[in-house]
Amino acid sequence: MTAQSLPVAGDRILVVDDEPDITALVAYHLARTGYRVSTATDGADALKAVNSERPALVVLDLMLPGLSGYEVIEHIRREPATSELPVLMLTARRDEADRVQGLTLGADDYLTKPFSPRELVLRVGAILRRVRSSNATSDVVAVGPLRIERDTHRVTVDGAAVELTPIEYKLLLTLAERRGRVQPRAHLLEVVWSAAPDVQTRTVDMHVQRLRTKLGVAADLIETIRGFGYRMRGEPSRRG
């Protein structure tokens, strides 16, 4: 394990699952890596733990007694104090519709059962690094070869300047600042176009297409989530 992937001392991970074997397995591997781990077996207890313990990240199963995982993440995203709390969904549901719904509600990542404990630990670390990077005080947003300078509105890919219209710049910045999370078309219309009544959903698609063309080698950073919207990859798509 590299120094970059080591957890920060004191990081607490909340594991929410009603299957004792799964909970124990996840908790063991996270604790072995150096994280502090709390557990909950249902949605209500999960929300109590979120509010009382303020974990750095939640590993959340979808199929829970009482409040479902979907309802738990809706509560988390709705409350200002927890709206930015990272959530990794862990579930036996493998259908694309379930995965997309979870990501649309605000999950940072999605892992299906059966899973590799090593992969889970790596994904937790990747999410936390991404969150710390985006929270760092900086006027620059960097994702892979893409660099966005907020103060000058300058965009570069591998050091080469990219000329964008004001709308294209705002769309790109919105996706970059919320990288790793699905941005529904309706949300992008509201944020970028201020939900103007004459703006159609197709407008988002056309602007994304133009953005990809202008971004060149960085075009694949913007992913299409079929039927919902777009997401910028949370990790660099290639090595520099």
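These notes cover a five-stranded sheet, its strand β4 and the residue Leu 215 in a predicted model.

1. Sheet order. The sheet is open and has five strands in the order β2-β1-β3-β4-β5, with parallel pairing. Strands β2 (36-40) and β5 form the edges, as each pairs on one side only. On average, neighbouring strands are turned by 20° against each other, direction ignored.

2. The β2 side of the sheet. Strand β1 (residues 12-16) pairs with β2 in the parallel sense, and five bridges connect them. Within this pairing, Ile 13 has Val 37 of β2 as its bridge partner.

3. Neighbours of β4. Three bridges link β4 to strand β3 (residues 57-60), and the two run parallel. One partnership here is that of Val 58 with Val 87 in β4. Strand β5 (residues 109-112) also pairs with β4 in the parallel sense, over four bridges. Here Leu 88 stands opposite Asp 109 of β5.

4. The connection from β3 to β4. Between β3 and β4 the chain passes through helix α3 (residues 69-78), and this β-α-β crossover is right-handed. Helix α3 packs on the sheet, where it touches β3 and β4. The direction of α3 makes about 175° with that of β4.

5. Burial of β4. Why is strand β4 (residues 87-91) described as largely enclosed by the rest of the structure? Five of its five residues are buried, so the description follows; the cut-off for buried is under 20% relative accessible area. In a regular strand, side chains alternate between the two faces of the sheet. For β4, one side carries Val 87, Met 89 and Thr 91, the other carries Leu 88 and Leu 90, and all of these are buried. Both faces of β4 are therefore covered.

6. Leu 215. This residue belongs to helix α8 (residues 201-215). Is Leu 215 buried or exposed? Its relative accessible area is 2%, so Leu 215 counts as buried, given that the cut-off is under 20%. Leaving aside residues up to four places away in sequence, Leu 215 touches Leu 146, Val 157, Leu 172 and Ile 222. Leu 215 and Ala 160 are separated by 55 residues in sequence, while their C-alpha atoms are 9.9 Å apart in space.

Conventions. Residues numbered from 1 in each chain as written. Predicted model: local features only at pLDDT ≥ 70, side-chain atom pairs only at ≥ 80, totals over all residues. Heavy atoms only, no water. Buried < 20%, exposed > 50% of the residue type's maximum accessible area, 1.4 Å probe, protein only. Pairing = 2+ DSSP bridges. Right-handed = clockwise from strand over helix to strand, strands pointing away. Contact = heavy atoms within 4.5 Å. Axes fitted to C-alpha atoms, helices over the stretch in contact; angles between N-to-C directions.
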